[in-house]
Amino acid sequence: TGWPNAEAAGRPLSEGFRLVAEGPPRAIETPVDRVIREGQIVGIAEDTLLVTRDGQTRAIDDSAAPIRDGRGALVGTILVFR
């Protein structure tokens with residue numbers, strides 16, 4: 001993403017992990033936000049681009065999944081992208 005850990009820490013995920021659709025530009029909700037809202041594993045469409053810190057775009061595949069405690073409560077998410 002082009003963000004050093006020290007600079008990314010404390011910033012909103014949407015700032016350091018900005019997604020847009022390929023073609024006519026339109027923002028895409030991050031999979032992490034969907035996991036928090038829906039509580040289940042989610043993926044993204046194949047035409048998704050990551051906008052790097054310097055404004056370049058990179059085609060990515062990604063998914064996110066909930067992390068739950070022993071009682072089933074959502075306590076975090078994991079995001080995997082390549």
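**Reasoning about a three-stranded sheet and a nonpolar patch**

Mentor: In this predicted model, Ile 67, Val 75, Ile 78 and Val 80 make a nonpolar surface patch of about 350 Å².

Trainee: What makes these four residues, Ile 67, Val 75, Ile 78 and Val 80, a nonpolar surface patch?

Mentor: A patch takes in residues with over 30% relative accessible area and no salt bridge, and nonpolar side chains such as Val and Ile are joined within 5 Å; Ile 67, Val 75, Ile 78 and Val 80 are grouped in this way, and therefore they are called a patch, with an area of about 350 Å².

Trainee: Which strand gives the most to the nonpolar patch?

Mentor: Strand E6 does, with three residues, and Val 80 is placed in that strand.

Trainee: How do you know that E5 and E6 are paired, and in which sense?

Mentor: Two strands count as paired if at least two bridges are found between them; strand E5, residues 62–68, and E6 have seven bridges in the antiparallel sense, so the condition is met. Along this pairing, Pro 66 stands opposite Thr 77 in E6, while the bridge partner of Ser 63 in E6 is Val 80, a residue that also belongs to the patch. The two strands E5 and E6 form a hairpin with five residues between them, and Gly 72 in the turn has a positive phi of about 90°.

Trainee: What makes E2 and E5 a pair, given how many bridges they have?

Mentor: E2 and E5 have two bridges, again antiparallel, and since the requirement is at least two, they are therefore counted as a pair. On this side of E5, Gly 43 stands opposite Ser 63.

Trainee: Why are E2 and E6 called edge strands?

Mentor: The open sheet has the order E2-E5-E6, with antiparallel pairing, and strand E2 (42–43) and strand E6 (74–81) each pair on one side only. Helix H3, residues 31–38, lies across E2, E5 and E6 and runs at about 150° to E6.

Trainee: Away from that sheet, why is Thr 52 called buried?

Mentor: Buried means under 20% relative accessible area, and because Thr 52 has 13%, the residue falls under that cut-off. Thr 52 is found in the loop between strand E3 (48–51) and strand E4 (57–59), and, leaving aside neighbours within four places in sequence, it is in contact with Thr 1 and Arg 58.

Technical notes
Residues numbered from 1 in each chain as written. Predicted model: local features only at pLDDT ≥ 70, side-chain atom pairs only at ≥ 80, totals over all residues. Heavy atoms only, no water. Helix = DSSP H or I, 4+ residues; strand = E, 2+ residues; numbered from the N terminus. Contact = heavy atoms within 4.5 Å. Axes fitted to C-alpha atoms, helices over the stretch in contact; angles between N-to-C directions. Patch = residues over 30% accessible without salt bridge, like charges linked within 9 Å, V, L, I, M, F, W, Y side chains within 5 Å. Areas by Shrake-Rupley, 256 points an atom, 1.4 Å probe, with all protein chains shown as cover. Salt bridge = Lys/Arg side-chain N within 4 Å of Asp/Glu carboxyl O. Buried < 20%, exposed > 50% of the residue type's maximum accessible area, 1.4 Å probe, protein only.
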